[in-house]
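Visitor: Before I rely on any label attached to this model, I would like to hear the reasoning behind it. Could you take me through it step by step?

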Amino acid sequence: MEHFLEKLIFRSRWIMAPFYLGLVVSLVMLLVKFCQELIHLVPHVLEMNENQTILMVLSLIDMSLAGNLLLMVIFAGYENFVSKIDTGDHEDRPDWMGKVDFGGLKLKLIASIVAISGIHLLKAFMNVESQDKENLAWMVGIHMAFVVSGVLLALMDRIVEGQNPHH
């Protein structure tokens, strides 16, 4: 009975696979929005001033960072919780693939969130005269909460590593 239960629990990790497939669909949706933004903005680039152009580029960078974040979660999550991804000796296999553990994934996740939040904050500061000051204060506060959370997560991981005799 115990052996059967353990096999069942071990095999239950495959329940996570549809979640990662859903994230792949989300990546495709993000690509569609990226292309839509690009197609919408490119014809108007000559009409835009410098600030508008920078805001456009920041929006594209923002979506690119979100895509990178999704890809990291898909790869690292699948490899950590479901199964190893067999790419053989493919030359394009990312160096970090298969090496990011749950702790590393947490840190990469919060770093990406801080970067995305920073871009949103920069976009708001580019139009600071048209921003509601209370809204801007909230954005800064939320960004700082992300930054502090990231630092605390990194400190916690460092403390845990220091207590682990294998490191």
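Visitor: What makes K106 count as buried, partly exposed or exposed?

Guide: This is a predicted model, and in it K106 has a relative accessible area of 25%. Buried requires under 20% and exposed requires over 50%, so K106, with its 25%, is partly exposed.

Visitor: Why is the contact between D157 and K106 called a salt bridge?

Guide: The distance from N to O between the side chains of D157 and K106 is 3.6 Å, and the limit for a lysine nitrogen and a carboxyl oxygen of Asp is 4 Å, so the pair qualifies as a salt bridge. By this rule the count for the structure comes to one salt bridge. Side chains of opposite charge can pair when their charged atoms come close.

Visitor: Where along the chain do D157 and K106 lie, and how do you know whether D157 is buried or exposed?

Guide: D157 belongs to helix α5 (residues 133–163) and K106 to helix α4, so the pair links distant parts of the chain, 51 residues apart. The relative accessible area of D157 is 17%, which falls under the 20% limit, and D157 is therefore buried.

Visitor: Why is the pair formed by W14 and Y78 described as edge-to-face?

Guide: The two ring centres are 6.2 Å apart, within the 6.5 Å allowed for a pair, and the angle between the planes is 75°; planes over 60 degrees apart count as edge-to-face, so the term applies to W14 and Y78. This pair also links distant parts of the chain, with W14 in the loop between α1 (2–11) and α2 (17–41), and Y78 in helix α3 (residues 50–81), 64 residues apart.

Visitor: How do you know which of W14 and Y78 is buried and which is partly exposed?

Guide: W14 has 39% relative accessibility, a value between 20% and 50%, and therefore counts as partly exposed. Y78, with a relative accessible area of 19%, is under the 20% limit and so is buried.

Visitor: What makes the rings of Y20 and Y78 a pair, and of which kind?

Guide: Their centres lie 6.2 Å apart, again within 6.5 Å, and their planes stand at 85°, so this pair too is edge-to-face. Y20 is in helix α2 and Y78 in helix α3, 58 residues apart. Y20 has 8% relative accessibility and therefore counts as buried. The structure holds two aromatic pairs, and W14, Y20 and Y78 form one aromatic cluster.

Visitor: What makes you say that the charged end of R13 sits over the ring of F10?

Guide: The charged end of R13 is 4.0 Å from the centre of the F10 ring, within the 6 Å limit that the term requires.

Visitor: How do you know whether A76 is buried or exposed, and which residues is A76 in contact with?

Guide: A76, which lies in helix α3, has a relative accessible area of 5%, under the 20% limit, and is therefore buried. Leaving aside neighbours within four places in sequence, A76 is in contact with V100 and L105.

Visitor: Why is F4 called buried, partly exposed or exposed?

Guide: F4 is found in helix α1 and has 54% relative accessibility, over the 50% limit, so F4 counts as exposed. Together with M1, L5, L8 and I9, F4 makes a nonpolar surface patch of about 600 Å².

Note on methods
Residues are numbered from 1 along each chain as its sequence is written. This is a predicted model: local features need pLDDT of at least 70, side-chain atom pairs count only at pLDDT 80 or more; totals for chains, interfaces and linings use all residues. Side-chain values use heavy atoms; hydrogens and water are left out. Rings of Phe, Tyr and Trp (its six-membered ring) pair if their centres lie within 6.5 Å; planes under 30 degrees apart count as stacked, over 60 as edge-to-face and the rest as tilted. Helices (H or I, at least four residues) and strands (E, at least two) are DSSP runs, numbered from the N terminus. Buried means under 20% relative accessible area, exposed over 50%, partly exposed in between (1.4 Å probe, protein chains only). A charge sits over a ring if NZ of Lys or CZ of Arg is within 6 Å of the ring centre and within 35 degrees of the ring normal. Contact means heavy atoms within 4.5 Å. Patches are made of residues with over 30% relative accessible area and no salt bridge: like charges are joined within 9 Å, nonpolar side chains (Val, Leu, Ile, Met, Phe, Trp, Tyr) within 5 Å. Accessible areas come from the Shrake-Rupley method with a 1.4 Å probe; for residues, only the protein chains shown count as cover.
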